[in-house]
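Work through the exercises below with the sequence and the coordinates open side by side, and try each task before reading its solution.

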Amino acid sequence: MNTPICDFVNKYCEKDVLRFHMPAHKGKNVLGVEDKDITEISGADSLFEANGIIAESESNASMLFGSHTFYSTEGSSHCIRAMLYMVKMLGCKQIIATRNSHKTFLTALALLDIDVEWLFPSDDSHYLSSNIDTLKLDELLSNQDGVKAVYITTPDYLGNITDVSEISKICRKHNAFLLVDNAHGAYLKFLKKSLHPIDMGADLCCDSAHKTLPVLTGGAYLHVSNDTDARFKQLAKNALSLFGSTSPSYLILQSLDMANAYLSDGYREKLADFIAEVNKAKAALTKNGYTLSGNEDLKIVIKAKDYGYYGTEIAAFLEQNNIICEFADKDFLVLMLSIENGVESLTKLVDVMSKIQKKVKINETVPILEISKRAKSVREAVFSESEVIDIKDSIGRISAQFNIPCPPAVPIVVCGEIISENAVKCFEYYHTETISVIK
Ligand SMILES: Cc1ncc(COP(=O)(O)O)c(C=O)c1O
């Protein structure tokens with residue numbers, strides 16, 4: 001597969017011209033990458049009005065993903081806002097969303113003044129879980145009027161993948177659009193049998209390419225299904241432009257461009273081989289007494305308390321041994337993998353983790369998050385005057401700003417909701433001491 005953006009920049013560097021244009025480093029290599037960091041000079045195309053090398057590269061990505069694929073250099077966060085704008089433009093005023101939605105989804109609701117109906121998990125699932133109550137979803141969609149849309153997040157932070165095809169069937173039955181936050185799942189396209197949301201019936205989907213593929217931080221895809229309403233394809237660039245910087249990073253664009261060549265050249269086979277090694281590592285950890293969670297190939301998620309530790313304690317031990325995890329809290333240790341980790345690092349990981357002595361299971365249970373009562377819309381709450389108070393004094397007050405630590409950036413209480421005793425218990429469990437509330 002060709003790499004038009006990289007080819008253009010490489011040729012430009014070879015010419016060694018005098019750069020009387022942005023960026024200000026003028027290609028002088030203080031950091032070591034500046035020469036390839038260009039701007040929209042003649043021939044370099046323009047991300048939000050692409051009709052040259054960027055359009056060509058995006059069409060390569062579209063071919064790889066089997067969708068209309070658009071680049072972002074500002075992450076899935078950018079694409080999530082664009083997706084919500086697009087459904088709003090098609091007339092959607094209220095969206096049904098799973099409660100494990102990322103903070104960016106809330107910012108989009110606030111900016112676009114879209115109302116939300118939350119879909120809580122079917123059982124006592126963890127608040128980060130993507131577990132969906134399909135009967136409830138069916139009921140909520142039956143009760144809705146107007147243009148309908150559903151927003152789900154899968155894979156979740158704990159390595160669970162939802163069966164998107166099942167959710168898609170319910171959406172089709174009700175003529176609802178299905179939007180998927182697939183920030184953690186760009187690689188799903190390249191499994192032996194694709195599990196990518198677009199292949200499973202999603203209308204719109206975002207992938208943080210940078211999370212699971214060898215792409216620079218910020219590189220992301222907005223995918224529009226070939227089978228969905230044609231207006232989405234027309235709206236996509238405008239939607240991204242509405243929320244995007246007018247200075248997209250050409251380093252990130254080159255990285256997305258190069259990823260096309262990388263992904264089309266044996267990646268699928270390399271991924272299958274690597275996953276086989278990951279499975280061996282998972283089996284070795286289980287044999288050592290660890291309990292694993294989730295069904296995702298490129299995450300290892302340890303239920304830490306079952307092993308007698310908090311996740312943060314295991315994370316600290318790993319750090320002493322030069323291993324840094326993605327995320328740890330009291331209950332979980334989350335390790336995110338990609339082919340680039342290599343087999344040796346899996347061996348090292350298992351080796352270091354086997355040095356931790358198993359202890360008696362910690363029996364402290366996680367408080368189950370109950371449905372909070374809503375007093376104001378997300379938008380009203382975010383634009384209200386607020387103050388920060390002690391969490392213990394917050395019962396009965398209305399949550400104002402986002403109050404969401406990142407990672408995992410998933411809310412316990414959403415802006416506009418009344419803070420309950422249960423919510424305070426949940427915050428205290430995670431050692432949150434203060435909270436922003438409406439004045
Ligand atoms: C589930 C989920 N959605 C969206 C995002 C935002 O993605 P990005 O950092 O690429 O903007 C994240 C980031 O961690 C995430 O975990």
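The exercises that follow concern a predicted model, and they go from the whole chain to single residues.

**Exercise 1. Decide what the radius of gyration of the protein chain says about its overall form.**

Solution. Begin with the expectation: for 439 residues, a compact globule would have a radius of gyration near 22 Å. The protein chain has 23 Å, which agrees with that expectation. Next, consider the extent along the principal axes, where the C-alpha atoms fill a box of roughly 65 × 55 × 45 Å. Finally, turn to burial and contacts: buried residues account for 55% of the chain, and of the contacts between residues at least 6 apart in sequence, 70% join residues at least 24 apart.

**Exercise 2. Find which residues touch the most other members of the largest nonpolar core, and which helix gives it the largest share.**

Solution. The largest nonpolar core holds 108 residues, and within it F105 and Y221 touch the most other members. Its largest share, eight residues, is supplied by helix α3, which spans residues 75-89. Apart from this core lies another, of 23 residues, which includes V410, V413, V424 and V437.

**Exercise 3. Establish whether V150 is buried or exposed, and name the residues with which it is in contact beyond its sequence neighbours.**

Solution. First locate V150, which is part of strand β4 (residues 148-153). Its relative accessible area is 1%, and because the cut-off for burial is under 20%, V150 counts as buried. Then set aside the neighbours within four places in sequence; the contacts of V150 are I95, I96, L137, L141, C171, A176, F177, L178 and L179. As a distance to check, the C-alpha atoms of V150 and L119, which are 31 residues apart along the chain, are separated by 9.6 Å.

**Exercise 4. Identify where cis peptide bonds precede P23 and P155, and where K26 and D113, with their positive phi, are placed.**

Solution. Recall the background: most residues other than glycine have a negative phi, and most peptide bonds are trans. The bond from M22 to P23 is cis, with omega near -5°, and P23 sits in the loop between α1 (4-15) and α2 (53-65). The bond joining T154 and P155 is also cis, with omega about -5°, and P155 belongs to the loop between β4 and α6 (164-173).

For phi, K26 has a positive value of about 55°; K26 lies in the loop between α1 and α2 and is partly exposed, with a relative accessible area of 33%. D113 likewise has a positive phi of about 55°; D113 is in the loop between α4 (103-112) and β3 (115-119) and is partly exposed at 43%.

Terms used:
Residues numbered from 1 in each chain as written. Predicted model: local features only at pLDDT ≥ 70, side-chain atom pairs only at ≥ 80, totals over all residues. Heavy atoms only, no water. Rg over C-alpha atoms; globule rule 2.2 N^0.38 Å. Buried < 20%, exposed > 50% of the residue type's maximum accessible area, 1.4 Å probe, protein only. Contact = heavy atoms within 4.5 Å. Core = buried A, V, L, I, M, F, W, Y, C linked by side-chain atoms within 4.5 Å. Helix = DSSP H or I, 4+ residues; strand = E, 2+ residues; numbered from the N terminus.
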